[in-house]
Amino acid sequence: MKTVLISGGGIAGTALAALLSRRGFAPTVVEHAPALRGGGQAVDIRGAALEVAGRLGVLAQARAHRTRMGGMSVLDGDGREVHRSTESTFSSGRLDSDDIELLRDDLVRILHERAIAEGNTRFLFGDGVTALDQDEDGVRVRFEHAAPHRYDLVVGADGLHSAVRRLTFGPEEHFAHHLGMHLAIFSADNFLGLEDWQLWLRDGEAGYGVYPVRDNTELRITFGFGGEPLPHGQRGPESQKAVVAERMAALRWETPRLLKALAEAPDFYCDTMTRIRMDRWSHGRVVLLGDAGYCASPLSGQGTSLALVGAHVLADALARSDGDHRAAFASYEERLRPFVELNQDLATENPGGPAAEESVERAKSAISLDG
């Protein structure tokens, strides 16, 4: 068995572990969090990613956990409804499509269970990669806590701020392209009493979306605002909460109650809307997957699909390569890059018009999973 270290236990890394395990590899997934991460926004499985979910054997579970939105209201700064739709929502698109919207934490749990069921996969929580030393025969990896270990291959599936990318390719700023927006996400009790209905409010460069989950018992709240990336000294959770609260404070309607929920949120997440663009995704025995190599940003609506499709293409390329990782990585990039580029472009499309809808439909399935 070839040993593969996968840094990152999110959607991309966990899906890859399941796919590689099925193909006779021995993956180890290292994840900074002490357990599977909770919280996060609703995500979408679309186009070719639906076929990947089917091949993984998790499509029925994903459908069983889909959100059940009946529509949305768009509000002005005072909370007055200016638009209503029972045909689509901003988070999921058309409600009558085959796409699946579900909570990120539900999808990660489903993929984790699949990876365990496939066998051969080991999960190492509460740890991270600190150094990579590769040669012709393998990669020696040092960890924050575990003893150093040698692997045949290393996959960086550790997100926008990937440690594997930094250690292998250099500083993040060489590849990151900020899109001028920030996103903050957290959970709260359903103090608004919403029932299968989304609310979206915007006033100037700031706004938020609120929608119920978990049988309408809980809210997921998404704050968005413009501006440059926060300085490194303001990237801790409490500092970020203070910045978010300051930027949202001028909004009216239910904003004071939402900011109170923000201060108390245990699962707060905040980051920039950023695309990662690289000339290559591999170096030697190290390769990048998902946001680490080609983050499209949540503005594209395709991050989850890129993660799932990327995991399938990479696992398939490795399985077909007869042990030649160079050939596998070259095939992975050749097959996936056109799909990635189309989907990354969606982040800056003007939504709502026929041209944008055509772009989305083309990007969702612009790849053959069978090469």
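A residue is termed buried under 20% relative accessible area, exposed over 50%, and partly exposed in between, with a 1.4 Å probe and protein chains only. The structure is a predicted model, in which local features need pLDDT of at least 70 and side-chain atom pairs count only at pLDDT 80 or more, while totals for chains, interfaces and linings use all residues. Residues are numbered from 1 along each chain as its sequence is written, and side-chain values use heavy atoms, with hydrogens and water left out.

**Exercise 1. Describe the chain as a whole, beginning with its buried share.**

Step 1. Of the 371 residues in the chain, 56% are buried.

Step 2. The secondary structure consists of eleven helices and 20 strands; these are DSSP runs numbered from the N terminus (helices H or I, at least four residues; strands E, at least two).

Step 3. The chain has a radius of gyration of 20 Å, close to the 21 Å that the globule rule gives for 371 residues, so it is as compact as a globular protein of that length. This radius is taken over C-alpha atoms, and the rule is 2.2 Å times the number of residues to the power 0.38.

Step 4. Contact means heavy atoms within 4.5 Å. Among contacts between residues at least 6 apart in sequence, 69% join residues at least 24 apart.

**Exercise 2. Identify the residues that touch the most other members of the largest nonpolar core.**

Step 1. A nonpolar core is a set of buried Ala, Val, Leu, Ile, Met, Phe, Trp, Tyr and Cys residues joined through side-chain atoms within 4.5 Å.

Step 2. The largest such core has 76 residues, and Ile6, Leu16, Ile45, Leu289, Val309, Tyr332 and Leu336 touch the most other members. Helix α9 (residues 303-320) gives the most to this core, with ten residues.

Step 3. Beyond its neighbours within four places in sequence, Val309 is in contact with Ala48, Ala49, Val52, Leu336, Phe339, Ile367 and Leu369. Another core, of 26 residues, lies apart from the largest one and includes Leu75, Leu219, Phe223 and Ala261.

**Exercise 3. Locate arginine 277 and state which residues are in contact with it.**

Step 1. Arginine 277 is found in the loop between β18 (269-276) and β19 (282-283).

Step 2. With a relative accessible area of 34%, arginine 277 is partly exposed.

Step 3. Leaving aside neighbours within four places in sequence, the contacts of arginine 277 are Phe175, His177, Gln344 and Asp345.

Step 4. The C-alpha atoms of arginine 277 and alanine 296 are separated by 8.8 Å, with the two residues 19 apart along the chain.
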